[in-house]
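Work through the exercises below with the sequence and the model open. Try each task before reading its solution.

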Amino acid sequence: MLYFTRWRALGIVLTALIVCLCAVPNFFPEAQVKTWPAWTQRRLVLGLDLQGGSYLLLEVDGNYVKKERLDQIRDEGRRVLRDNKIGFTGGLTVRNDAVEVRISKESDVPTALSKLREMAQPLGGLIGSSGQRDLDVTDAGGGLIRLTPPQAAMIERMRKTIEQSIQIVERRVNELGTVEPVIQRQGNDRILVQVPGLQDPTRLKELLGKTAKMEFRMVDTSVPPDQAQQGRLPPESELLMSASPPPTPYVVKKQVLVAGGDLTDAQASFDQRTNEPVVSFKFNTSGARKFSQATQENVGLPFAIVLDNKVISAPVIREPITGGQGQISGSFTVQSANDLAILLRAGALPAPLTVVEERTVGPGLGQDSIEKGELAAYVGSILVIIFMLLTYRLFGVFANIAVAINVAMIFGLLSLLNATLTLPGIAGIVLTVGIAVDSNVLIYERIREELRGGRNAISAIDAGFKRALATILDSNITTFIAAAVLFYIGTGPVRGFAVTLGIGIITTVFTAFTLTRLIVAGWVRWKRPQSVPI
Amino acid sequence: MTHYVLIGLGILIAVLTVVAALGLLPSLRIVPDNTHFDFTRFRRVSFPVSAALSIVAITLFFTHGLNFGIDFRGGTLLEVQAKSGSADIAAMRSALDTLRLGEVQLQQFGGPADVLIRVAEQPGGDAAQQEAVQKVRGALGDSVEYRRVEVVGPRVSGELLAYGMLGLMLAIVSILIYLWFRFEWQFALGAMIANVHDIVLTIGFMSISQVDFDLTSIAALLTILGYSLNDTVVIYDRIREMLRRYKKMPMPQLLNESINSTLSRSIITHFTVTLALLALLLFGGHAIHSFTAVMMFGVVLVGTYTSIFIAAPVLIYLGVGEHREDAAEAATPAKKSKA
C-alpha cells in the first residue's frame, strides 16, 4: 500500500495538478480570458441566485395547438366537400378531439371518404417511412364521417410548435440586448428562459406573452359596429375590439389581405408631421404585391391593422400603397412602439405561451449571497483545519494538504464542466470539506487501531490504508447515489448542490486513494519512522 | 472586521501547522483507546424510544403538517428591502390587503429593512399568479428593492412535489440495491430501517419547527440520507470484517466491539461536519438557513444516533451471524487441506 512506482507517483501528481489548474481561468477577468485559446475558456458559471437574473418557465398551450389543428381540418374538410359538391347536413362540428360531418345522401359516402382522405399528409415528411398519415378518416355509419388527427401526428405537431416557439423566443429575448441568455426546451411542452442580470422581468414577460399575430384586413362598412354588436353580423366578418383604451368595437372582414409573415423589417420611429411614435414596416415582394393590389382596389375605404385579434388602428386608404412599406400609428408610447417593432421583427409565435414558473433574484441579494457563502466557507474550512491539526498533529498537516488540494480539484472539475455554482452549491463544498477529512479520519483511526493491536509503525500504516480504503469507497458510493438522484430530480440551485456534492465525493475518493497515500508514503520513505506520531 | 479575524485565524493555522509538523503538540484522544461501552444493551431503551419518537413525528406530520413552501404549494414569494430606513410592515400590509389576493403573509426576514411576502396561490391558473405579482409590484412601488421574486404556478408546484417524493423513493431504493449487492440482505434491511427512521424523525423536526418545506428541504433530506448511510456503512463494514475474523464471538459482543472500534471515527467525523454546518448556519445567510438547520438536525443528531443505536443493534433481530457456526465448520477442512 505504501509503495508507488516513480511513474505512478508522477501520474498522480500530474493528474491532481492538471485538475487544479483547470480552476485558474476563474481568477482572471472574463474579458481577459476571452483572449486566451479556446480550450482554456472553461470557467465556473455563477447561478442566477448568485449573479442575479430571471428564470422563466414557459408552457406552450397544447389545447390551443390541438384546437387550431381541428379548426384547420374542419375548414379544409368543408372546402373539400363543397368543391366536390357533396351535400352534408348540420355543418362540420368539432367533438371529442375529432371533426364530424353527416353526409346527406348515403350514396355520396364512398366519394366523400376518398376525397377527404386526400387531405391526409404522410407523417414526418418525405423520409417518414412509418406509412402513418396525419389524419384518419373513418366511416362511423349512418352517413357520419369522422376525421381524427392521430396521437402521433399531434405529438409531431407539438414538437414542431415548440421548435418554432424557441426560435421566436430566442429572437425576442435577444432583442432585449441581454448578456448570454439561455433558452432551452424542457420536457414536451415547456421552454426554459434564463436571463442573467435581468432585474425586472415584467417587460420580458410582456414580450413573450404576446403571440404577435399581425394581420391587415378590410373594415366591413356595410354594418355599423353598434348594430353588429346587437347580432347583425355578416358571416364573413367578425367584431374586434381596439387595442388601446377606450375599447371601441370594429367590424372587420375575416379575409386576411396580408399577414405578419410577409413583413421583412419593422422599426420604431417618429411620425414626421405629428412627431408621435410610430412603427414603420417593410413587406417582402409577395407581401408588397398583395398590399398594393388590395389598396388599389379599396381607395377611400378603411382597413384594419390587427394584432392578436385586437385592432391597433383602422386608417382610411387615401391612395394605393405600392412601395411595399408603410407605418402604423396607434397611440403608441416610445416603449410600446419599440416593443411592437421587436415583436414584428421576431415573428409570431405559433401558439400562446404562459409563464408557469418565475424566479428572479436581484443583484443585491446575489452579491450578499456570494459574500455570505464565501465567509461561511472560510470559517468552516478554518475550523476544520484547526481541529484536524489538534487531533492528528503531523498527520493533521497531511490531511489538511490533501483537503486543500481536494477543494482546488473541486473548483477545477466544476470549471472543466462549465458547471453552475449556486448558494446551495457553496454549501455543498463546505460540507465536502467536512466530509473529505472523514476519509483521512477513517485511515488514521485505523492506523491507531492497528498500532494498538501491536503492529510496528510501517506495517500499521500499511494495514490502516488497506482496510480503510474499502470502507471509504463503500460509504462514499451511498452518498454519491443520493447526489446523483438529486441531480436528476433537481433544478436550479438544488442541482448546483448536487453537482458540487457529487464532484466533491469523486475528488475525495481520488485524494484518499492516491494523494494522501502518496504523502504518507513519501514521509515513511524519508523518515523511516519507528513510531507513528498520530 | 471579518477580514482581520480571517487573517488572524490564518496565522494561527500556520503556527499550528509548524508546531504540529515538528511534533510538539500533545496527542489528543477524544475517545479513550480502550473503550468498551455496551451499546447493544441500550437497544432495550433505544428501540422503544425511537419507535415512540417516530410515532410522535408521524402524528405531528398528520396534525401539524409541513409548512409547504411555494415550490410545492404554488403561489408567490417576494423578498423586498426598504430603500431607506427600516421597512414599515404595517403600511405594506394595509397596501397589500386592498388588493384582495387572499392569504398574504408578511414577515421580517434578516435585517429590519428586509421583508418576506408570501401570497397564496390565486385561483384561475398560471396567468392569475402573474397578475397577482404584477399587482403586488404595483402596490409596493419603487420604495423597495425587489431582491427576490418567485412565482410558481399550480401545475409546476404539483410536478415539483411529485418529483421530490419520487426522488426520495428512488434514492432509498437505489441505495438499498447497492447495499444488498455489497453486503447481505439483512444489512440492506437494517440500513433501510435506519433510513426510514432518520427521514421520519427529520420530517417530525420540520413539522415542529415549521421551516419551509420546499425543494431545498428535499435536498437536505437526501443529503441526510446519504450521510447517515455513510456512517452506517462504516459500522457495517467493520461488523462484516469482525464476522469473518471472530467466528465464535456472540453477536451482541461482536456488535459492541464493532461500534466501539469505530466510535472515535464517528465522533471525530461528526464533529468536523458539525463545524462545517455551524459555519454555514451562522454565516451562510438566510437563504440557506433552514437548509442547514434541517441538515444539522438530521446529520448530526439523528444520523449518529441511528447508526450506533439502531442500525447496528437491529442486525441482531434480523438474524445476522446466526449460521456462522456451520460456516466456520465448513471452512475449517478447507483451511486444513490448504495447509
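**Exercise 1: the shared sheet**

An open sheet has eight strands in the order β7(A)-β8(A)-β2(A)-β17(A)-β5(B)-β2(B)-β4(B)-β3(B), and the pairing is antiparallel. The model is predicted: local features need pLDDT of at least 70, side-chain atom pairs count only at pLDDT 80 or more, and totals for chains, interfaces and linings use all residues. Residues are numbered from 1 along each chain as its sequence is written, while chains are lettered from A and ligands numbered from 1 in the order in which they are written.

Task: state which strands stand at the edges, and why one side of each lacks a neighbour.

Solution.
- Step 1. Fix the terms. Strands (E, at least two residues) and helices (H or I, at least four) are DSSP runs, numbered from the N terminus. Two strands pair if DSSP finds at least two bridges between them.
- Step 2. Take the edges. β7 (182-186) of chain A and β3 (104-108) of chain B each have a single partner strand, so one side of each has no neighbour in the sheet.
- Step 3. Add the twist. It averages 20 degrees from one strand to the next.
- Step 4. Look at one pair. β2 (residues 75-82) and β5 (residues 144-152) of chain B run antiparallel and are joined by eight bridges. B:Ala82 has B:Val144 in β5(B) as its bridge partner.

**Exercise 2: helices on the sheet**

Task: find which strands α6 and α11 of chain A pack on.

Solution.
- Step 1. Set the criteria. Contact means C-beta atoms, placed from the backbone, within 7 Å. Axes are lines fitted to C-alpha atoms, for helices over the stretch in contact, and angles run from 0 to 180 degrees between N-to-C directions.
- Step 2. Take α6 (residues 151-175) of chain A. This helix touches β2 (53-60), β7, β8 (190-196) and β17 (353-361) of chain A. Its direction makes about 15 degrees with that of β8(A).
- Step 3. Take α11 (residues 363-392) of chain A. This helix lies across β17 of chain A and across β2 and β5 of chain B. It runs at about 90 degrees to β5(B).

**Exercise 3: the buried side of α7(A)**

Task: list the buried residues of α7 (residues 202-209) of chain A, then say what they pack against.

Solution.
- Step 1. Apply the cut-offs. A residue is buried with 20 or more other C-beta atoms within 10 Å of its own, exposed with 12 or fewer, and partly exposed in between; C-beta atoms are placed from the backbone.
- Step 2. List them: A:Leu204, A:Lys205 and A:Leu208.
- Step 3. Check the side. They cover an arc of only 100 degrees around the axis, which puts them on the same side of α7(A). The arc is that of the directions from the helix axis to the C-beta atoms.
- Step 4. Name the partners. These are β2, α6, β8 and β17 of chain A, with α5 (125-140) of chain B.

**Exercise 4: two positive phi values**

Task: are A:Asp97 and A:Ala212 buried or partly exposed?

Solution.
- Step 1. Recall the background. Most residues other than glycine have a negative phi.
- Step 2. Take A:Asp97. Its phi is about 55 degrees. It sits in the loop between β3 (88-95) and β4 (98-103) of chain A. It has 13 C-beta neighbours inside 10 Å, so it counts as partly exposed.
- Step 3. Take A:Ala212. Its phi is about 65 degrees. It sits in the loop between α7 and β9 (214-219) of chain A. It has 22 C-beta neighbours inside 10 Å, so it counts as buried.

Methods: Contact = placed C-beta atoms within 7 Å.
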